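The exercises below are meant to be worked through with the structure in view. Each one sets a task and then gives a solution in steps.

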Amino acid sequence: MNLNIREFSSSSDGFRTELDALLAWDSVSDAGVQKAVADIVEQIRLNGDAAVIEFTNRFDRRQVTSSKELEISREELALAKGRVSAELVASLEAAAKRVHDYHERQKQPSWQYQENDGTVLGQKVTPLDRVGVYVPGGKAAYPSSVLMNVMPAKVAGVGEIIMVVPTPDGLVNDIVLAAAYIAGVDRVFTIGGAQAVAALAYGTESIPKVDKIVGPGNIYVATAKKMVFGVVGIDMIAGPSEILVVCDGKTDPDWIAMDLFSQAEHDEDAQSILISPDLAFIKDVKASMERLVETQSRKDIIKASLEGRGAFIHVENMDEAMDIANIVAAEHLELSIDEPEKWAEKIRHAGAIFMGRHTPEALGDYCAGPNHVLPTSGTARFSSPLGVYDFQKRSSLIYCSPEGASELAKIAAPLARGESLEAHAMSAEYRILKGS
């Protein structure tokens with residue numbers, strides 16, 4: 001199969017303009033989606049369970065008559081786990097442990113210090129009370145999404161984790177439910193779409209209101225998350241998956257081809273880019289891709305992705321490759337090169353950096369340990385992977401001794417009057433010790 005993948009040279013005129021066009025992605029939903037989601041959100045807010053049942057029956061083609069039918073008990077999750085092969089359960093448990101252990105190192109304790117006059121300052125770190133996790137459902141099986149969203153919340157100490165997963169036509173995915181059981185999800189509801197997001201945000205008679213919603217979904221889910229942000233927190237609005245591979249030409253071309261496929265197979269809008277200073281190697285990788293794509297069950301999706309948004313970029317040297325990598329700010333960055341740790345020091349923007357020839361992105365997706373929920377579409381310039389810190393909040397601690405309050409008031413009062421806030425100034429001045 002011939003693949004028409006765009007090829008660029010960093011030395012050509014207009015390269016930066018071409019690169020910007022290649023990376024451009026508009027994730028904003030159209031007016032029709034906005035209107036549909038706004039109506040769903042409002043109906044859920046006003047009518048609770050009745051609206052959830054109505055939309056679930058309509059969009060997931062079910063025949064639910066009671067909200068009790070929408071919840072899956074912990075006992076049912078355990079039964080689902082029993083229906084999954086022992087090998088897969090072992091892999092889920094091993095992956096869950098690795099993800100848990102990695103995130104344990106992210107925990108941030110509360111802290112405080114005391115000044116000479118007895119004033120105490122610090123920060124109190126506390127977990128969120130309740131979190132909602134959205135997991136895609138139906139024929140799709142994303143147990144890794146369950147683990148990656150739930151485990152950092154568990155490590156953070158979140159009080160209750162509510163999972164929602166659609167079951168179109170009543171199709172229940174045992175692997176996803178097994179992952180929920182292993183990860184320690186507290187309650188599971190078989191609802192999806194914008195209606196699930198709204199139910200988590202506002203609460204219904206049966207579904208508890210949460211403090212934050214995390215997890216991937218389609219354009220309706222993403223739009224609903226945008227709409228309810230402010231009522232609840234959200235993790236991010238993610239675009240299509242993406243991978244940038246930087247290779248010096250010394251890795252097996254078949255390996256690099258499959259690494260690029262690993263993102264292209266997600267969907268037609270996913271993006272896979274190879275950067276190399278070795279033009280002959282780029283041609284070898286393309287030949288590998290054209291041969292290997294025929295072996296892939298999702299070859300049509302892979303081809304559409306590569307021809308729509310994929311690219312080969314030839315650079316003059318590795319320094320230039322690092323500069324371009326920082327412009328791309330990729331979700332997944334593979335450094336399949338000699339001395340990857342040295343070159344990684346030059347990377348400022350990337351969701352996750354996979355170093356060396358034996359570290360494919362796929363290992364990070366499932367079981368390496370770091371979270372696979374990563375910033376996309378260049379947002380790695382200012383965003384970070386999902387982590388324990390996303391499920392914690394911080395409160396400032398201030399305790400003034402009489403002496404400390406007196407001295408601080410002498411600083412605060414002039415500043416307050418500079419802002420024409422007399423009550424602020426007087427409130428501070430009341431604390432000035434007589435004679436000081």
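**Exercise 1.** Which residue in S7 does Glu71 stand opposite?

Solution. Before starting, note that this is a predicted model, in which local features need pLDDT of at least 70 and side-chain atom pairs count only at pLDDT 80 or more, while totals for chains, interfaces and linings use all residues. Residues are numbered from 1 along each chain as its sequence is written, and side-chain values use heavy atoms, with hydrogens and water left out.

Step 1. Helices (H or I, at least four residues) and strands (E, at least two) are DSSP runs, numbered from the N terminus. The residue standing opposite Glu71 in S7 is Phe189.

Step 2. Strand S7 covers residues 187-189 and is joined to S2 by two bridges, the two strands running antiparallel. Two strands count as paired if DSSP finds at least two bridges between them.

Step 3. Widening the view, six strands form an open sheet of mixed pairing, in the order S2-S7-S6-S5-S8-S9. Strand S2 (71-72) and strand S9 (233-234) are at its edges with a single partner strand each, so one side of each has no neighbour in the sheet.

Step 4. Helix H8 (residues 193-202) packs on this sheet, where it touches strand S5 (130-134), strand S6 (160-164) and strand S8 (212-214), and its direction makes about 175° with that of S5. Contact here means heavy atoms within 4.5 Å, and axes are lines fitted to C-alpha atoms, for helices over the stretch in contact, with angles running from 0 to 180 degrees between N-to-C directions.

**Exercise 2.** Describe the second open sheet, and work out how S13 sits in it.

Solution. Step 1. This sheet also has six strands, in the order S1-S12-S11-S10-S13-S14, and its pairing is parallel. At the edges stand strand S1 (6-9) and S14, each with a single partner strand, so one side of each is left without a neighbour in the sheet. Direction ignored, neighbouring strands of this sheet are turned by 15° against each other on average.

Step 2. Strand S13 (residues 332-336) is joined by five bridges to strand S10 (residues 242-247), running parallel, and Ser336 in S13 is the bridge partner of Cys247. Four bridges join S13 to strand S14 (residues 352-355), again running parallel, and there Glu334 stands opposite Phe354.

Step 3. In a regular strand the side chains alternate between the two faces of the sheet. In S13, both faces are covered, with His332, Glu334 and Ser336 buried on one side and Leu333 and Leu335 buried on the other. Buried means under 20% relative accessible area, exposed means over 50%, and partly exposed lies in between (1.4 Å probe, protein chains only).

Step 4. Helix H10 (residues 253-264) lies across S10, S11 and S13, at about 165° to S10. Gln263 lies in helix H10 and is buried, since its relative accessible area is 0%. Leaving aside neighbours within four places in sequence, the contacts of Gln263 include Ile243, Ser272 and His332.

**Exercise 3.** Compare the expected span of H5 with the model, and locate its buried side.

Solution. Step 1. The expected span of a helix is 1.5 Å times one less than its number of residues. For the 19 residues of helix H5 (residues 86-104) this should give 27 Å, and the end C-alpha atoms are 27 Å apart, which agrees.

Step 2. The buried residues of H5 are Val89, Leu92, Ala95, Ala96, Val99 and His103. Seen down the axis of H5, they fall within an arc of 130°, so they line one face of the helix; the arc is that of the directions from the helix axis to the C-beta atoms.

Step 3. These buried residues pack against helix H4 (74-82), helix H6 (143-156), helix H7 (174-183) and helix H15 (361-366), whereas the face turned away from the buried side carries the exposed residues Ala86, Glu87 and Lys97.

**Exercise 4.** How many aromatic pairs does the structure hold?

Solution. Step 1. The structure holds two aromatic pairs. Rings of Phe, Tyr and Trp (its six-membered ring) pair if their centres lie within 6.5 Å, and planes under 30 degrees apart count as stacked, over 60 as edge-to-face and the rest as tilted.

Step 2. Phe55 and Phe59 form a stacked pair, 5.9 Å centre to centre with 5° between the planes. Both lie in helix H3 (residues 49-59), four residues apart, about one turn of the helix. Phe55 counts as buried at 2% relative accessibility, whereas Phe59, at 37%, counts as partly exposed.

Step 3. Trp111 and Tyr113 form a stacked pair, 6.4 Å centre to centre with 5° between the planes.
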